[in-house]
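I am opening a notebook on this structure, and I want to set down what I looked up, step by step, for someone who has not seen it before.

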Amino acid sequence: MRFSLGAPLLAALSFASAATAERILESTSLNICQENSGFTASLFNVVYNPREGTAHVNISAISTIEAKVIFDIDVSAYGYSFIKRTIDPCQINLAGFCPKMLSGKLSDPFVLDVSPDATASIPSIAYDFPDLDAKVKVFINATDGDRAGQSLACVEALISNGQTVDLVGVKWAAAIVAGLALASSAFLSGLGHTNAASHVAANALSLVSYFQAQAMVGLVGIPLPPIVQSWTQDFQWSMGIINVNWMQRIFTWYQRSTGGTPSTLITEADSLATVSVEVQKRAVDLFKRGVAMLPRSVVEHSSKLLKRGNVQTSYGSYIVYGIQRVAFKAGIESTNLFLTGLIFFYIVIFFTALFVIAFKGACELAAKQKWMKGDTFLEFRNGWRTILKGILFRIALIGHPAMTILCLWEFTQDDSPALMVLAVFFLLALNAVLGWAAWKVVRVARRSVSLHRNPAYILFSDPQTLNKWGFLYIQFRASAYYFIIPVLGYTVVKSFFIAFAQNSGIAQAIGFILIEAAALIAAAVLRPWMDKKTNSFNIAICAVNFINAIFLLIFTSVFDQPALVTGVVGVVLWILNAACTLVLLLMLIVTTGLVIFHGNPDGRYKFMADDRTSFMKSQSQLATTTELDALAMTARGEKPGYSSVLDLDDDDDSHNRDSMYRGQGSTANSTTTYSHHAPSHYAPPRSPVDPINRTASPYNGSVSSVGRSQNNSSPAGFKPSPSPSPWQRGAGYEH
């Protein structure tokens, strides 16, 4: 028996929204909106072309209703209901509904004609506004029998106009800008402009963290308006959620071969040819409606941690939300999501290491062939192993939020025994490595304070400490070296809420508000970043994240606000974050460009109050080596530009070297002759606690004056020069 609910839906659908440039509007799921609905559909796909005045319907539905009925239609956009009509199916000669609705199954595609009057009633804004939040709700009411006047079924269709802010161009633009900024900071550091490089890197890392914060908004199990879903999808690449078809096939094979059962939701919903997928959007009871149709044992099991949460209704369609919603919109099976993020994280690590090694080889070849000066990238060429370690640590810090969330979420999914082992290993390994690195920084800073009454001394004077552990503290002022510990804690706590509270949107929203409020207060009160501009940059990000958390609480409908308020707040969230993202991107592009093309990159930034520039080796602050200096260092068998010790796994070596810098009355010997010519660019800086015990700088006097030595407490037996070295001038110890 052939009947159709598509005709009244299409007639109403044409009032609700509009098409793209080709004026195409569509609906991809028919959702129930009351319990014990007598009409359900596992597949519903409608494509309407106003120019042709026809709608192509593909539906697989089952009806248990046998009665005379009428349709009450409610058309709304952004929660505002603007059309309410009652349609008698006999007036439009709707087969299967007139004179009496018959039970049966419908599974044949068909074409419907839509009147010109319906097309003319479409609001003009509906044609252009992206991610239209509109729906058509139809109540099927009985007009005779025992249930006359009662609703026998309720279905709703969500409408899309084809326009979206989920754009590939936005994803590539954001990724390229952030990547180039990080690469530029590494390039500047290699050239010796450490001060400028640290500013660029700090801003780039803050921007990436903001991208990840927006991605986390999309990962919560809270119903989000369509425009919020699409906007947050633009930044899921920062969490490693990237769809590559051939890789997905490998992941599916690996899961199946290790004892798992891969999800087939994407395959079944491909082109929506088999099932419909209901993307959780507005009502907070969508999950409850779905599980209400499942066996009690399944409900009790899923209520704990929502294991294997591809929720399938009794009539065959699926409900996706939270992390699964992100996976579905990215075209990734939910059972492949963890492995996707993990593999892309290590792909980035592998290619970064490969690039650093290749760049090292290219520099050596260019120097050997006289294509560039011998001292260009000298510090990088001599200490590239330690620098590589620092770069890999920095990538680990960037990937920390994504890996923590996905590993914790995998615990709730148990996709396969092998994946569970990988999740446990990489969660513990990554957090242990970063925690250990943070502890090392605290140890070094405390040692510096105890020896020199200044944490910046060892943190910034030792190039190996700076290159290897600097990723944890260089963006902060020296006295706030500890702030990386709250940052790591912030990420872990937030990850726990995202991963383990997928079926409790209110708990996630309240947790986010508390976490973001604490982050905003800490940033505004402590102002731990290196300078005023960087503090303002990060405080603005924290403020926007806090506002987003408040919006998430509104999306849970805990205040029982009208649907119109929820729709408007969704648009406001998109506009706010889009504007903030654009401003931050432009700021980063402009500042990075000015630094790169500036004659003196370090000169664009003021000296910071923590005296780090007094200890850091910067090309803009110190002269380059002379031929005599290079000859002296060669005679000693040393490599200019970097310490010969490359392994900083034991920071005691660094502290021992620092003790030698202070001097304990060493005896002058044959090596003293060579040390007369050691350039201050490579010599250790003087400790703030021993300003009198100085080494004369060859740049402040003649070579002969420097060469005069005597046996005293100076580390090399030199006579102190009346003019302080550049290290001491910058630190303010020349008096």
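**Strand β3 and its partners**

I began with strand β3, residues 39–49, in this predicted model; 10 of its 11 residues are buried, so the strand is largely enclosed by the rest of the structure.

Next I asked which way strand β1 and β3 run relative to each other, parallel or antiparallel. I found that β1, residues 25–27, is joined to β3 by 3 bridges and that the two run antiparallel. Within this pairing, I noted that Leu-25 has Tyr-48 of β3 as its bridge partner.

I then followed Tyr-48 to strand β4, where its bridge partner is Ala-55. β4 covers residues 54–63, and I counted 10 bridges in its antiparallel pairing with β3. The two strands form a hairpin with 4 residues between them, and I noted that Gly-53 takes a positive phi near 70° there.

**Ser-184**

I turned to helix α3, residues 168–190, which contains Ser-184. Is Ser-184 buried or exposed? Its relative accessibility is 12%, and because buried means under 20%, I entered Ser-184 as buried. Setting aside neighbours within four places in sequence, I found Ser-184 in contact with Thr-592 and Ile-596.

**The whole protein**

Finally I looked up the totals, and recorded 26 helices and 13 strands in the protein. Of its 735 residues, 54% are buried. Among contacts between residues at least 6 apart in sequence, 74% join residues at least 24 apart. The protein exposes about 31500 Å², of which carbon and sulfur atoms supply 62%.

Methods. Residues numbered from 1 in each chain as written. Predicted model: local features only at pLDDT ≥ 70, side-chain atom pairs only at ≥ 80, totals over all residues. Heavy atoms only, no water. Buried < 20%, exposed > 50% of the residue type's maximum accessible area, 1.4 Å probe, protein only. Contact = heavy atoms within 4.5 Å. Pairing = 2+ DSSP bridges. Areas by Shrake-Rupley, 256 points an atom, 1.4 Å probe, with all protein chains shown as cover.
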